[in-house]
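Trainee: I'd like a close look at one strand pairing in this structure, and then a walk outward from there. Could you take me through it slowly?

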Amino acid sequence: TLELTVRASPTGPGGDMQWCFSQVKGAIDDDVAEADIISTVEFNHTGELLATGDKGGRVVIFQQEIENKSQPQFRSEYNVYSTFQSHEPEFDYLKSLEIEEKINKIRWLPQKNAAQFLLSTNDKTIKLWKISERDKRPEGYNLKEEDGRYKDPNTITSLRVPVLIPMDLMVEASPRRVFANAHTYHINSISVNSDNETYLSADDLRINLWHLEITDRSFNIVDIKPANMEELTEVITAAEFHPHQCNTFVYSSSKGTIRLCDMRASALCDKHSKLFEEPEDPSNRSFFSEIISSISDVKFSHNGRYMMTRDYLSVKIWDLNMENRPVETYQVHEYLRSKLCSLYENDCIFDKFECCWNGNDSVVMTGSYNNFFRMFDRGHRRDVTLEASRENSKPMQVLKPRKVCAGGKRKKDEISVDSLDFNKKILHTAWHPQDNIIAVATTNNLYIFQDKVN
Amino acid sequence: MSATTAMEVNAEARRILAVSISKLYASRTQRGGLRLHRSLLLSMVMRSARDIYHSSRESEAPSGPQPAPAEEPMEVGSGPGEQAELPAPQPELEPAVSPAETAEPGSAEEGCDGEFAEDKENRSPARQSRKRRGKASAAPDFLPSKRARLEPGEERYAAPLGSCRVGAGESLTALSLNRVIPAF
């Protein structure tokens, strides 16, 4: 098979990019409160806003400030813009099940007016939030005092027109729609359609199509639940709409396959238009082959010609026109293949890593353990391992590439596989849609790195 | 396959089975309910481990046939209030190792030892306890001591004798794996 081998850059940082520390958000102390664990990170379409969701059901939105004129080489900072409680824990009385408030995904809607809109979802319910700014308030009502008390109408002798006076900026988040009760299983993905009117939500067995304005009904477009649950062999792990073709979406499965569906073909898209699957390498067969082939994330490229999938050990790039194998395969942490049994025991093998494209689809990024994250430069066939840590957090400090020693003699500055901290995992990363700014989430901190060269 | 490697594979398979069962049990008390994806993956690993375990055992002891009492789980269907989707004290899988031990990666060696399942598999069905959760039956020490209750929404799986789709020679674990998923 034709597989592009990626050579590590021989000296210095990977590719032409030099990544520098910019900011870190979140608590400093090592004692992580479970509610603070970051569960999703997403830039909006301009990159001006960066949203994070956490296990406690909160959404925090950061806004990029106007560029700092005194330090032109250092792009602007992200500061907290809005914080709100998106989801609360709920209890399903019929099933005696608690519904976690953890935010699984956030997706921004393209901006249509002054307000910003995003969709956030937990395991069962999707919500549309409106985030709007208020920087003026009315003053001079005729019937009300300034503190809100109503005046006695008999005391009013003249009329005036209330005026809007400036006030400190207030950012308000209000839930505009609640899309509930459509999922029996746990929601893993939401994706806004390019038509800006509909979106899909996917759980383990079903995918539903919603209209953003309508909350009491959704269309079921994929249903892989077998008649007899004992015959279940695979579940849906991720789903996404095509960035330009509003009739096309893909969903990935726990068996390592991706199905592309065309909604014009039929109302129920159980028959795929394309099935992307790579034959398994029989020499790699083990107890855990099925687990590590399960796809944890699928993302279309911005140009819509490729899609990327992440399984436990690798990232694969697929050409939408070629179904029988990926066009590129990148090993994220192949040195873990011999440790799968231990990773099964400590549950790490179930970790769901996400992946992302840069703005022009030339570089892809994904996370790993020990707070490492990896970038693969498709064009230059280079890759780099970087680390998000407090030790490398001086302003504009250039990140030094890291190297894991798989076996044999460990060189200086290398870290051996057995020294990796598997509790420090980077599952969620995001890349600014236009610039080389990345957001990398460790367990409870959000790191923002920038490319030194513009 | 040589005797020693068969034994190693056997021990490895047993260990993985034990770890998997404890994970399945732990996931029942997890916040947010049973995760279908995770349960499916666990059951797949268990299936592979069980298949390897059986095939390595057959290569170990090719002399005697294994009259595994496949009918045993059927009798349990009549136990009032004791039906659980994940039958716990599967006699096959009573390793001496506790989940805490299995969680340490390198502790495989002191795990399951010889006194493990051979005798129980060859026990006549009559001797098997009807009430799998009774005080008389020795529950493996890594499983919760509390009797498992039927969760709302779970079905009582009453499979009459002889209608079991599990073929003769397959063990209790075969049935239990198939019944993990219907818990949803």
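Mentor: Sure, let's start with a pair of neighbours: strand S14 of chain A, residues 198-202, pairs with S15(A) in the antiparallel sense, over 5 bridges. Keep in mind throughout that this is a predicted model. To find your way along that pairing, pick Ser201(A), whose bridge partner in S15(A) is Asn208(A). The turn that links S14(A) and S15(A) is short to describe: the two form a hairpin with 3 residues between them.

Now look at the other neighbour of S15(A). Strand S16 of chain A, residues 214-223, runs antiparallel to S15(A), and 5 bridges join the two. Here the landmark is Arg206(A), which stands opposite Asp223(A) in S16(A). Again there's a hairpin, this one joining S15(A) to S16(A) through 2 residues. With S14(A) and S16(A) both paired to it, how much of S15(A) is buried? The strand covers residues 206-211, and 5 of its 6 residues are buried, so S15(A) is largely enclosed by the rest of the structure. As background for reading any strand like this, side chains in a regular strand alternate between the two faces of the sheet.

Stay with Asp223(A) for a moment, as it leads us to a loop. Leaving out residues up to four places away in sequence, Asp270(A) touches Ile221(A), Val222(A) and Asp223(A). One detail there is worth zooming in on: a polar atom of the Asp270(A) side chain lies 2.9 Å from the backbone nitrogen of Asp223(A). Asp270(A) itself is found in the loop between strand S19 (258-262) and strand S20 (274-276) of chain A. It counts as partly exposed, because its relative accessibility is 34%. For a sense of scale, Asp270(A) and Gln18(A) are 45 Å apart in space, C-alpha to C-alpha, and 252 residues apart in sequence.

S16(A) runs over residues 214-223, so to speak our next stop lies along it: Asp216(A) forms a salt bridge with Arg217(A), and their closest N and O atoms are 3.5 Å apart. Both Asp216(A) and Arg217(A) are exposed.

Compare that with some other charged pairs in chain A. Arg58(A) and Asp36(A) form a salt bridge whose closest N and O atoms are 2.6 Å apart. That pair links distant parts of the chain, 22 residues apart: Arg58(A) is in strand S5 (residues 58-64), while Asp36(A) is in the loop between strand S2 (19-25) and strand S3 (38-43). Arg58(A) counts as partly exposed at 26% relative accessibility, and Asp36(A) gets the label partly exposed at 28%. Then there's Arg107(A), which forms a salt bridge with Glu42(A), the closest N and O atoms being 3.0 Å apart. Arg107(A) lies in strand S9 (residues 105-108) and Glu42(A) in strand S3 of chain A, so this pair ties together parts that are 65 residues apart in sequence. Arg107(A) counts as buried, at 13% relative accessibility. There's a network to spot as well: salt bridges that share partners join Asp36(A), Asp54(A) and Arg58(A). Over all chains, the search finds 35 salt bridges.

Some of these pairs cross between chains. The count between chain B and chain A is 7 salt bridges, and one of the pairs to look up is Glu101(A) with Arg31(B), where the closest N and O atoms are 2.7 Å apart. The interface also has 14 residue pairs in polar contact. On the chain B side, helix H1 (3-28), helix H2 (36-60) and helix H4 (99-103) each supply at least two residues. The largest share, 11 residues, comes from H2(B). By class, that side has 19 nonpolar, 7 polar and 9 charged residues.

Zooming out, 35 residues of chain B are in contact with 34 residues of chain A. Between them the two chains bury about 3,100 Å², 59% of it on carbon and sulfur atoms. In chain B, Arg31(B), Leu36(B) and His37(B) lose the most area to chain A, together 22% of what that side buries. Chain B itself has 6 helices and 0 strands, and 52% of its 184 residues count as buried.

Note on methods
Residues numbered from 1 in each chain as written. Chains lettered and ligands numbered in written order. Predicted model: local features only at pLDDT ≥ 70, side-chain atom pairs only at ≥ 80, totals over all residues. Heavy atoms only, no water. Contact = heavy atoms within 4.5 Å. Buried area = accessible area lost by both parts, 1.4 Å probe. Salt bridge = Lys/Arg side-chain N within 4 Å of Asp/Glu carboxyl O. Polar contact = N/O pair within 3.5 Å; in protein donor to acceptor, adjacent residues only side chain to side chain. Helix = DSSP H or I, 4+ residues; strand = E, 2+ residues; numbered from the N terminus. Nonpolar A, V, L, I, M, F, W, Y, C, P; charged D, E, K, R; others polar. Buried < 20%, exposed > 50% of the residue type's maximum accessible area, 1.4 Å probe, protein only. Pairing = 2+ DSSP bridges.
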